[in-house]
Amino acid sequence: MTPTENFSALGLSLPPAPSPLGVYKPCLIDGKYLYLSGHGPVQDDKSLIIGRIGVEFDMEKGKLAARQVGLTMLSTIVANLGSLDKVKRVIKVLGMVNCSPDFERHPYIINGASELFAKIWGEENGIGVRSAVGMGSLPDNIPVEIEALFELH
């Protein structure tokens with residue numbers, strides 16, 4: 001199945017692709033690579049999920065917020081490339097978790113996006129290298145921000 005068919009089979013919807021809120025591009029193509037800027041959890045009504053892991057959110061809600069970031073990233077891909085099928089594989093993911101100082105399960109949170117990508121492009125192409133780190137704060141108090149590098153066909 002293609003990435004687009006895999007996405008359709010999940011029964012999920014893409015939120016609107018976000019517009020930059022600063023001086024940057026949401027994505028950039030360099031040769032066969034697609035770089036995505038840091039994305040937050042945009043919901044279907046264009047609002048952001050707001051709150052800190054370990055304060056307003058538990059781990060499960062944090063993981064769902066990371067999945068929503070993944071969906072937002074997919075929306076940016078579709079808006080700029082026309083199709084998920086133009087992406088060959090995930091190369092690198094950097095996940096940043098807005099959390100309380102004592103929180104230590106950052107990789108678990110970022111799995112929300114990584115598991116989504118694995119379902120879209122399969123385990124071989126949907127899982128790349130990754131860092132998952134905790135932050136003292138993130139823009140607008142979003143719980144998760146993720147940036148990524150993809151290889152194009």
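The questions and answers below concern strand pairing, burial and salt bridges in this predicted model.

Q: Why is the contact between E151 and K32 called a salt bridge?
A: The side chains of E151 and K32 approach to 3.4 Å, N to O, and because the criterion asks for a Lys or Arg side-chain nitrogen within 4 Å of a carboxyl oxygen of Asp or Glu, the pair qualifies as a salt bridge. E151 belongs to strand β5 while K32 sits in the loop between β1 (27-30) and β2, so this pair ties together parts that are 119 residues apart in sequence.

Q: What makes E151 buried or exposed, and what of K32?
A: E151 has a relative accessible area of 6%, and since buried means under 20%, E151 counts as buried. K32, by contrast, has a relative accessible area of 44%, a value between the 20% and 50% limits, and is therefore described as partly exposed.

Q: How do you know that E151 also forms a salt bridge with R89?
A: The closest N and O atoms of E151 and R89 are 2.5 Å apart, which satisfies the requirement of lying within 4 Å. As E151 lies in strand β5 and R89 in strand β3, the pair ties together parts that are 62 residues apart in sequence. R89 itself is partly exposed, with a relative accessible area of 36%. Through shared partners, salt bridges join K32, K88, R89 and E151 into one network.

Q: What makes strand β5 mostly covered?
A: Of the nine residues in β5 (residues 144-152), eight are buried, each having under 20% relative accessible area.

Q: Why are β2 and β3 each said to pair with β5?
A: Pairing needs at least two bridges between two strands; β2 (residues 33-39) and β5 have five, in the antiparallel sense, and β3 (residues 87-98) and β5 have nine, also antiparallel, so both pairings meet the criterion. Within these pairings, L36 stands opposite A148 in β5, and V97 stands opposite V144 in β5.

Q: Why does the contact between K63 and E115 count as a salt bridge, and which helices hold the two residues?
A: Their closest N and O atoms are 3.2 Å apart, inside the 4 Å limit, and the pair therefore counts as a salt bridge. K63 lies in helix α2 (residues 59-81) and E115 in helix α3 (residues 106-126), so the pair ties together parts that are 52 residues apart in sequence. K63, at 18% relative accessibility, counts as buried, whereas E115, at 36%, is partly exposed.

Conventions:
Residues are numbered from 1 along each chain as its sequence is written. This is a predicted model: local features need pLDDT of at least 70, side-chain atom pairs count only at pLDDT 80 or more; totals for chains, interfaces and linings use all residues. Side-chain values use heavy atoms; hydrogens and water are left out. Buried means under 20% relative accessible area, exposed over 50%, partly exposed in between (1.4 Å probe, protein chains only). Helices (H or I, at least four residues) and strands (E, at least two) are DSSP runs, numbered from the N terminus.
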